[in-house]
Amino acid sequence: MSKQTAPNKPSVKRVHVSSSSGDEVFGTDLAQIHNLLASIQEQLKSVVTRTNLDESLRISLENIRSDICKEIKAEISVEITELKTTLSEEKEKVQALVLERDQLKSEMLSLATNQQRMENGIKDSIKLGNRNEQYSRKKNIKVLGVIEKDGENLRADFKKISFEYAGVRLNDTQIVAIHRLPSNNIDYPRPIIVKLLQSDVKIALMRKRQKFKVKGILLFEDITKRNTQLINRLKNHNSIDSAWVFNGSVHAKTYQDERLSFDLFDNITDKVNLHRTNQHD
């Protein structure tokens, strides 16, 4: 049996490393690492941290808000200034209008006062004219119911009926004037106006007018148109029983037997109430 040869083992080279050379390499590495860390540290100094970023953002927002507030305040200040100017102008206009209103109010008050004074003056003039007119008729009698005749002598006829109906004898001088009044009633004799010389003669005739009435002849006071309207107003009032003219004035009697005199523009209700108030006082 043949003898097998063993395979060859690889040769191992033994390297000898000196300790001094290893220390130099390790020192160099440490220096490089140190330099690298220093470089990184320097670079990190320029890197913004989150805290710094938040603070920077906060400051930026504060600056933006401040700028916006300043702009808004500036705009509001301008608008307020313009508004103040407008309000001042409007205030002046309002003051001018108030002054104009007060002037107009004063003028209107003055006009109303003058108008009232004029109305009172007109009323006084009307009352005075009516009073004078009524006084001028003081001795007059209005006669109704005397039949009209052709060629009539009213003076003689009135003297005759006065004596026959009332027993009052009249002479020609006591009858100042006598005539008929116009009338639209063709079915009734026109009224007669008798103007007497003396009031006592008129009073004597008026006291006996009931005797004339039974003969179909009516005697009335010769009343002005305005006093006639006043008497009608009195007779239509719910407090007045009767009304008449005596001695140039209008008088009335209430249902409570109160006697009052009235003028043209009197308020009937007010005058009656005032009379009763004064009576109670």
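**Helices, strands and salt bridges in a predicted model**

At the start of helix α7, a side-chain oxygen of Asn267 comes to within 3.2 Å of the backbone nitrogen of Thr269. The structure described here is a predicted model, and every value in this passage was computed from it. Helix α7 itself covers residues 268-280, and its length can be checked by a simple argument: at 1.5 Å a residue, its 13 residues should span 18 Å, and since the C-alpha atoms at its ends are 19 Å apart, the expected and the computed values agree.

Taken as a whole, the protein chain contains seven helices and seven strands. Read from the N terminus on, these elements follow the order α-α-β-α-β-β-α-α-β-α-β-β-β-α. The chain has 281 residues, of which 20% count as buried.

Strand β1, which is formed by residues 140-144, is mostly covered, as four of its five residues are buried. This strand pairs with strand β3 (residues 192-196) through four bridges, and the two run antiparallel; within this pairing, Lys142 stands opposite Ile193 of β3. Strand β1 is also paired with strand β4 (residues 218-221), again in the antiparallel sense and over four bridges, and here Leu144 has Leu218 of β4 as its bridge partner. As a general point, the side chains of a regular strand alternate between the two faces of the sheet.

Helix α2 extends over residues 50-136, and Ile80 is placed in it. Together with Leu57, Leu61, Ile64, Ile68, Ile72 and Ile76, Ile80 makes a nonpolar surface patch of about 610 Å². Ile80 has a relative accessible area of 40%, and because this value lies between the limits of 20% for buried and 50% for exposed residues, Ile80 is described as partly exposed. Asn132 also lies in helix α2, and with a relative accessible area of 47% this residue is likewise partly exposed. The C-alpha atom of Asn132 is separated by 8.4 Å from that of Gly248, although the two residues are 116 residues apart along the chain.

A search of the whole structure finds 16 salt bridges. One of them is formed by Arg131 and Asp263, whose closest N and O atoms are 3.0 Å apart. This pair links distant parts of the chain, since Arg131 belongs to helix α2 whereas Asp263 belongs to the loop between β7 (259-262) and α7, and the two residues are 132 residues apart. Arg131 counts as partly exposed, at 40% relative accessibility, and Asp263, with a relative accessible area of 23%, is partly exposed as well.

Another salt bridge joins Arg190 to Glu148, with 3.1 Å between the closest N and O atoms. Arg190 is found in the loop between β2 (175-180) and β3, while Glu148 is found in the loop between β1 and α3 (154-166), so the pair ties together parts that are 42 residues apart in sequence. Both partners count as partly exposed, Arg190 at 33% relative accessibility and Glu148 at 34%.

The loop between β1 and α3 also holds Glu152, which is linked to Arg180 of strand β2, a residue 28 residues apart from it in the chain. The closest N and O atoms of the salt bridge between Arg180 and Glu152 are 2.7 Å apart. In this pair the two partners fall into separate classes of exposure: Arg180, at 10% relative accessibility, counts as buried because its value is under 20%, whereas Glu152, at 23%, counts as partly exposed.

Salt bridges also link Glu133, Arg137 and Asp222 in a network. Of these residues, Asp222 is placed in the loop between β4 and α6 (225-235), and its relative accessible area of 6% is under the limit of 20%, which means that Asp222 is buried. The side chain of Asp222 makes, in addition, a polar contact of 3.0 Å with the side chain of Asn140.

Technical notes: Residues numbered from 1 in each chain as written. Predicted model: local features only at pLDDT ≥ 70, side-chain atom pairs only at ≥ 80, totals over all residues. Heavy atoms only, no water. Expected span 1.5 Å × (residues − 1). Polar contact = N/O pair within 3.5 Å; in protein donor to acceptor, adjacent residues only side chain to side chain. Buried < 20%, exposed > 50% of the residue type's maximum accessible area, 1.4 Å probe, protein only. Pairing = 2+ DSSP bridges. Patch = residues over 30% accessible without salt bridge, like charges linked within 9 Å, V, L, I, M, F, W, Y side chains within 5 Å. Areas by Shrake-Rupley, 256 points an atom, 1.4 Å probe, with all protein chains shown as cover. Salt bridge = Lys/Arg side-chain N within 4 Å of Asp/Glu carboxyl O.
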